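Subject: Handing over a structure, with notes

Dear colleague,

I am passing on the structure below, together with some notes on what was found in it. Please read them with the model open beside you.

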Amino acid sequence: MLNLAELKELLAQPQKIVITTHHKPDGDALGSSLGLYHYLKQKQHQVQVITPTDYPDFLQWMPGNDDVMIYTEKKEQSAALIEQADLIFCLDFNSLSRINEMGELVQLSSAKKIMVDHHLDPENFDDFRHWRTSASSAAQLVYEFIAELLGDKNSITADIATCLYTGIMTDSGSFRFPTTTSTVHRIAADLIDLGADNATIHELVYDHASENRLRFLGFCLSEKLEILHEYNTALITVSKADLNRFNINTGDTEGIVNYALSIEGIRLAAFIIERPDKIKLSLRSSGTFPANEICKKYFHGGGHRNAAGGQSESTLEEVIHQFKTLLPEYKNLLTQ
């Protein structure tokens, strides 16, 4: 493993750097990546952000978005950059399976790998790690990396602040999740002072829904929501036909599971969606209920205690049945 002094020494000279994050990047994944991108570019490094897949339209306003390379659209060019890199920053993920095909390329690259992440159970593929599960977001950890580990807060520009604020805001649920400590608020205040326009960022992320997305949301809540009162659980299930009916794009399903969790008395909410290649699950929970345990144990996934995800190669009907049949195992936790 590299120590901090060794990493600082490497960063003192121009390096070829790739920044990547998990597939289907969310606000934290892209915000932390672009925030670090702007910082490293400012330090005269040769930097490229490569995302494994596309990401939502509501994130494409972010400074630096036009410079992002999407692996699935430029595989050969992406692979060459990964192979030639001196350093690879891995943000908001700690398992190479989270970057799909890119995982093997990153594994084989001779580059030093730096992990910045806040998820449980990291794999040991990295050479330097800034990792803490209590952090609100990867963007918070990137702020700490720049301001505290590197001692370079004065280099945080308005573009960096904007990207990092976006990441913290989205992954903290607009500063309402339990990981939103007083330290997180102080960092957010710092970022506003450094140029992040908090009101505009919130509007750009949350107030630009398409008509199709709003109609789809109404459909999910009126037609697809099921309440399992015995287990204080709410379930929304969506088929490929439903997605096609509303012409759903990347990002249009984000956050829908939270509406189910917001119902009074609900301890666990699930959003199960039939994608073209597999079934995807998003779980949200309140209190101490371990949503991540269900995803890890039954659905090849994981995440945080109150926000986790998984997947399955089974049919939609089989996954729904599997989810419902595991609930008795957790009845005491869900009803206490």
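A good place to begin is the pair of strands β7 and β8 (residues 233–238), which run antiparallel to each other and are joined by four bridges. Please keep in mind throughout that this is a predicted model. Within this pairing, leucine 228 lies opposite threonine 233 of β8, while glutamate 226 has leucine 235 of β8 as its opposite number. The two strands form a hairpin with four residues between them, and in this hairpin asparagine 232 adopts a positive phi near 50 degrees.

On its other pairing, β8 meets β9 in the parallel sense, over six bridges, and here threonine 233 stands opposite leucine 268 of β9. Is β8 mostly covered or mostly open? It is mostly covered, since six of its six residues are buried. Thr233, Leu235 and Thr237 point one way from the strand, whereas Ala234, Ile236 and Val238 point the other way, and all of them are buried.

These strands belong to an open sheet of six, in the order β7-β8-β9-β10-β12-β11, in which the pairing is mixed. The edges are taken by β7 (225–228) and β11 (302–303), each of which has a single partner strand, so one side of each is left without a neighbour in the sheet. Helix α9 (residues 211–223) lies across β7, β8 and β9 (268–274), and runs at about 130 degrees to β8. Helix α13 (residues 316–326) also packs on this sheet, where it touches β7, β8, β9, β10 (279–285) and β12 (307–312), and its direction makes about 165 degrees with that of β9.

There is another open sheet of six strands, ordered β3-β2-β1-β4-β5-β6, and in this one the pairing is parallel. Its edge strands are β3 (69–70) and β6 (128–131), each of which pairs on one side only. At the β3 edge, strand β2 (residues 46–51) runs parallel to β3 and is joined to it by two bridges, with isoleucine 50 having methionine 69 of β3 as its bridge partner. Helix α2 (residues 27–42) packs on this sheet and touches β1 (16–21), β2 and β4 (87–91), its direction making about 165 degrees with that of β1. Helix α3 (residues 75–84) packs on the sheet as well, touching β1, β2, β3 and β4, and its direction makes about 130 degrees with that of β2.

Turning to the interior, the largest nonpolar core has 50 residues, and those with the most contacts inside it are Ile19, Leu40, Phe89, Phe145 and Leu191. Which helix gives the most to this core? That is helix α5 (residues 138–149), which contributes eight residues. A second core, separate from this one, has 23 residues and includes Leu235, Leu268, Phe289 and Ala308. As for leucine 191, once its neighbours within four places in sequence are left aside, it is in contact with Tyr143, Ile156, Ala161, Leu164, Tyr165, Ile168 and Ala196.

Helix α5 deserves a separate look, and it is mostly covered, with eleven of its twelve residues buried. Among the buried residues are Gln140 and Glu144, alongside others such as Leu141, Phe145 and Leu149. Just after the helix, glycine 151 takes a positive phi of about 60 degrees.

The axes of α5 and helix α6 (residues 158–171) come within 7 Å and cross at roughly 140 degrees, and the two helices are therefore oblique to each other. From α5 the contact is made by Ala139, Gln140, Val142, Tyr143 and Ile146, and from α6 by Ile160, Leu164, Gly167 and Ile168. Sorted by class, this contact has seven nonpolar residues, two polar ones and no charged ones.

Finally, a note on the start of the chain, where asparagine 3 is found in the segment before α1 (4–11). Asparagine 3 is partly exposed, with a relative accessible area of 38%. Its C-alpha atom is separated by 8.7 Å from that of aspartate 127, although the two residues are 124 residues apart along the chain.

With best wishes

Terms used. Residues are numbered from 1 along each chain as its sequence is written. This is a predicted model: local features need pLDDT of at least 70, side-chain atom pairs count only at pLDDT 80 or more; totals for chains, interfaces and linings use all residues. Side-chain values use heavy atoms; hydrogens and water are left out. A nonpolar core is a set of buried Ala, Val, Leu, Ile, Met, Phe, Trp, Tyr and Cys residues joined through side-chain atoms within 4.5 Å. Buried means under 20% relative accessible area, exposed over 50%, partly exposed in between (1.4 Å probe, protein chains only). Contact means heavy atoms within 4.5 Å. Axes are lines fitted to C-alpha atoms, for helices over the stretch in contact, and angles run from 0 to 180 degrees between N-to-C directions. Angles under 35 degrees count as roughly parallel, over 145 as roughly antiparallel, 65 to 115 as roughly perpendicular and the rest as oblique. Ala, Val, Leu, Ile, Met, Phe, Trp, Tyr, Cys and Pro count as nonpolar, Asp, Glu, Lys and Arg as charged, and the others, Gly among them, as polar. Two strands pair if DSSP finds at least two bridges between them.
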